[in-house]
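I opened the notebook to go through the charged pairs and the cysteines of this chain. My plan was to look up each pair in turn and then ask where its members sit.

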Amino acid sequence: MPQIGFGTYKLREARQAVILALTLGYRQIETAFIYSAEKTEPEVGYALAAARASGLAREEVFVTTKHWRKYHGFEPSIKCLELSLKRLQLEYVDLCALLHDCWSHYQHSYFRHAAQMALASMHA
C-alpha cells in the first residue's frame, strides 16, 4: 500500500483530478460509494480505465472504496461492493472500508459483523 494517496471526497471534477493524480505518480486512490451523491465512483472508474488504456497496470494502483451504512448487512454488503466494482470498472478493490454512524452498539455490531462476513465470502 502506497504511503501517500489521493482522496476524492468533495471533488467537483473527479475524473480529471484522478487522471492528473495518476500522471503525477500517485498510486493510491481513495473513494467511497456515497461521495458526491454517488457520482464520484463512476468518475474514478473512468479515470482508472483511461490510465489502464495508457499502459498503467491495474496492479500498480491501490484502490480503496467505502461502503455506505445503508448497505451494512450480509446481502446489502455484497450488493454494494458489486455496484462499486461496476462503477469503478474493476474486478477487485484493494481495500473496502465500512462507513458507519453512531447507531446503538447492538445494531452497529450486528450489521458490521454481517458486512464483514459478506466481504470475506467474496474474497475467498
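**Entry: R15 and E43.** I began with the side chains of R15 and E43, which in this predicted model meet in a salt bridge with an N to O distance of 3.0 Å. I then looked up where the partners lie: R15 belongs to helix α1 (residues 14–23) and E43 to helix α3 (residues 40–53), so the salt bridge ties together parts that are 28 residues apart in sequence. For accessibility I noted that R15 is partly exposed, at a relative accessible area of 31%, and that E43 is partly exposed as well, at 25%.

**Entry: R87 and E38.** Next I turned to R87 and E38, whose side chains meet in a salt bridge at 2.8 Å, N to O. This pair links distant parts of the chain, with R87 in helix α4 (residues 74–88) and E38 in helix α2 (residues 35–38), 49 residues apart. Which of the terms buried and partly exposed fits R87, I asked myself? R87 counts as buried, at 13% relative accessibility, whereas E38 is partly exposed, with a relative accessible area of 28%.

**Entry: R58 and D94.** I then looked at R58, which forms a salt bridge with D94, the closest N and O atoms being 3.0 Å apart. Here the link runs between loops: R58 is in the loop between α3 and β3 (62–67), D94 is in the loop between α4 and β4 (95–98), and the two residues are 36 apart, so I recorded the pair as joining distant parts of the chain under the strand and helix numbering. R58 counts as buried at 12% relative accessibility, while D94 counts as partly exposed at 32%. I also wrote down that salt bridges with shared partners join E38, E41 and R87 into one network.

**Entry: the tally.** How many salt bridges does the count give? It comes to five salt bridges.

**Entry: the surroundings of D94.** I went back to D94, in the loop between α4 and β4, to list what it meets. Leaving aside residues up to four places away in sequence, D94 touches R58, V61, F62 and V63. With R58 there is a polar contact of 3.0 Å between the side chains. With V63 I found that the backbone nitrogen of V63 lies 2.8 Å from a polar atom of the D94 side chain, and that the C-alpha atoms of D94 and V63 are separated by 5.3 Å although the residues are 31 apart along the chain. My note for D94 therefore holds both a side-chain partner, R58, and a backbone partner, V63, for a residue that is partly exposed by the accessibility bounds.

**Entry: the cysteines.** Last, I checked for disulfides, and the count comes to zero. Why is C80 not bonded to C96? The sulfur of C80 is 6.7 Å from the closest cysteine sulfur, which is in C96, and that is too far for a bond, because a disulfide needs the two sulfur atoms within 2.5 Å. I made the check from the other side too: for the sulfur of C96 the closest cysteine sulfur is in C80, at 6.7 Å, again too far for a bond. I closed the entry with the accessibility of C80, which is buried at a relative accessible area of 0%.

Key: Residues are numbered from 1 along each chain as its sequence is written. This is a predicted model: local features need pLDDT of at least 70, side-chain atom pairs count only at pLDDT 80 or more; totals for chains, interfaces and linings use all residues. Side-chain values use heavy atoms; hydrogens and water are left out. A salt bridge is a side-chain nitrogen of Lys or Arg within 4 Å of a carboxyl oxygen of Asp or Glu. Helices (H or I, at least four residues) and strands (E, at least two) are DSSP runs, numbered from the N terminus. Buried means under 20% relative accessible area, exposed over 50%, partly exposed in between (1.4 Å probe, protein chains only). Contact means heavy atoms within 4.5 Å. A polar contact is a pair of N or O atoms within 3.5 Å; within protein, one must be able to donate a hydrogen and the other to accept it, and residues adjacent in sequence count only if both atoms are side-chain atoms.
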